[in-house]
Amino acid sequence: MRTGAERAENPAARGIAGPETACAVSGGSGTGEPGAGTTGSGGTGRGAGMALMLGGGLSNQLGAATGALAFPVIGPAGVVAVRQWVAGIVLLLAGRPRFRSFTARQWWPVLGLAGVFATMNLSLYTAIDHIGLGLAVTLEFLGPLAVALIASRRLLDLGCALAAAAAVVVLVRPQPSTDYPGIALALLAAVCWGCYILLNRTVGRRVPGVQGSAAAAAVSAVAYLPIGALVLVRNPPTAGALGFAVVAGVLSSVVPFLADLLALRRVPAQFFGVFMSVNPVLAALAGAVVLGQRPGWPEWAAIVVIVGANAVATLAAPRAEIVRGGGIDPAEQRCGERTAVPTTPDHAIERT
């Protein structure tokens, strides 16, 4: 897909992740409120921000759909390897981590985050190969939704959780054609996204700026060197397949990286989070247009319910909880697949 920022009292603790794309918290105070890092007039700035968010979300899902076109030649693992390499290069240039200065206390969460990156994207792309883009991204979205709801004691959030659970039952209801391995892989991606959010909080506290996210992406990219080489040797890529994989990396990493960076300077973080809740819908549309994957009306209804539950949970999140780190900032709920974006040295969000 496979992408928020945690606001803490300590500026060094403000970097945290949120997909499969890039997000960023605006500069300035980091409050996410209008006027904090907002450029231009209110109406014009928000309109531009909405256009950027829509463009970034569409790019992310079209990137995943484009990558799926290469599955018959190099498989999901080959596409993910190329994509990880693209993301690693982008983040290294953006974050410029000082590897030699990292301590053991900093390396452990970075390595954990790198493992989550690698597992999350491979499981999601393999799930897309099994069950289609729209369903895979929708199930993956349960990860950040679960993290947002799991510590809540409010009846509204319980209602959101029950609505999402009912929608999942509709999506995975037993049928002769049900692909249980694909569903399991999408749910594994959801678990990884939840772990990613929690791990990135630790990385944000221990490593300055976006160096931790950049280091994790670089480690993940290096880990994919032998995997990608083996896959590409066993399944020699055609020029078209390799091109699709590279385009997937650009559309799902570089374009959302820039779009989110600019969008969060123009709109409040909470508005960003609500808007990003529509990513499963965008994924279903991209799957229908690019891959010919057309969900039936029960699947569309379930997708809309999960999107609605995520949006309600985001809108209703008490601001005090977010500031204390007890809740999930809306910008964490960025779908797709994952890169980190620098805005100020103290803020980063990433889903590589």
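This tour goes through a predicted model helix by helix, naming what to select at each stop.

**Stop 1: helix α3**

Select residues 104–131, which form α3. With 28 residues at 1.5 Å a residue, α3 should span 40 Å, and its end C-alpha atoms are indeed 40 Å apart, so the two values agree. Step past the end of α3 to Gly132, where phi is positive, near 95°.

**Stop 2: the loop before α3**

Go back to Arg96, in the loop that links α2 (71–95) to α3. Phi of Arg96 is also worth displaying: the value is positive, near 45°, in a residue that is not glycine. For background, most residues other than glycine have a negative phi. Is Arg96 buried or exposed? Arg96 has a relative accessible area of 65%, above the 50% cut-off, so Arg96 counts as exposed.

Keep Arg96 on screen and add Gln211, a residue of helix α8. Gln211 is buried, with a relative accessibility of 9%. Leaving out residues up to four places away in sequence, Gln211 touches Gly95, Arg96, Pro97, Arg98 and Phe102.

**Stop 3: α3 against α8**

Now show all of α8, residues 211–234, together with α3. The two helices pack at an angle of about 55°, and their axes are 8 Å apart. At that angle α3 is oblique to α8. The crossing of α3 with α8 is right-handed.

To see the contact, select these two sets:

- on α3: Trp107, Val110, Leu111, Leu113, Ala114, Phe117, Ala118 and Leu122
- on α8: Gly212, Ser213, Ala215, Ala216, Ala217, Val219, Ser220 and Tyr224

Coloured by class, the residues of this contact come out as 13 nonpolar, 3 polar and no charged. On the spacing along a helix, an α-helix has 3.6 residues a turn, so residues three or four places apart point the same way.

**Stop 4: Arg206 beside the start of α3**

Select Arg206, which belongs to helix α7. Its relative accessibility is 28%, so Arg206 counts as partly exposed. Which residues does Arg206 contact, apart from neighbours within four places in sequence? They are Arg105, Gln106 and Pro109. From Arg206 to Arg105, the C-alpha distance is 7.7 Å, across a sequence separation of 101 residues.

**Stop 5: helix α5 and its cover**

Move to α5, residues 142–150, and pick out its buried residues: Leu142, Gly143, Pro144, Leu145, Val147 and Leu149. Then turn on the helices around them; the cover over these buried residues includes α4 (133–140), α6 (155–172), α7 (180–206) and α12 (297–316).

Hide all but α5 and α12. The axes of these two helices come within 10 Å and cross at roughly 35°, and the crossing is left-handed. Leu142, Leu145 and Leu149 supply the α5 side of the contact, while Ile306, Ala309, Asn310 and Ala313 supply the α12 side. By class, the contact of α5 with α12 has 6 nonpolar residues, 1 polar and no charged.

**Stop 6: Val290 in α11**

Finish at Val290, in helix α11, residues 279–291. Val290 is partly exposed, at 31% relative accessibility. With neighbours within four places in sequence set aside, Val290 is in contact with Leu62, Ala65 and Leu69. Select Ala68 as well: the C-alpha atoms of Val290 and Ala68 are 9.3 Å apart, although 222 residues separate the two in sequence.

Terms used. Residues are numbered from 1 along each chain as its sequence is written. This is a predicted model: local features need pLDDT of at least 70, side-chain atom pairs count only at pLDDT 80 or more; totals for chains, interfaces and linings use all residues. Side-chain values use heavy atoms; hydrogens and water are left out. Buried means under 20% relative accessible area, exposed over 50%, partly exposed in between (1.4 Å probe, protein chains only). Helices (H or I, at least four residues) and strands (E, at least two) are DSSP runs, numbered from the N terminus. Contact means heavy atoms within 4.5 Å. The expected span of a helix is 1.5 Å times one less than its number of residues. Axes are lines fitted to C-alpha atoms, for helices over the stretch in contact, and angles run from 0 to 180 degrees between N-to-C directions. Angles under 35 degrees count as roughly parallel, over 145 as roughly antiparallel, 65 to 115 as roughly perpendicular and the rest as oblique. A crossing is left-handed if the near helix is turned anticlockwise from the far one by less than a right angle, and right-handed if clockwise. Ala, Val, Leu, Ile, Met, Phe, Trp, Tyr, Cys and Pro count as nonpolar, Asp, Glu, Lys and Arg as charged, and the others, Gly among them, as polar.
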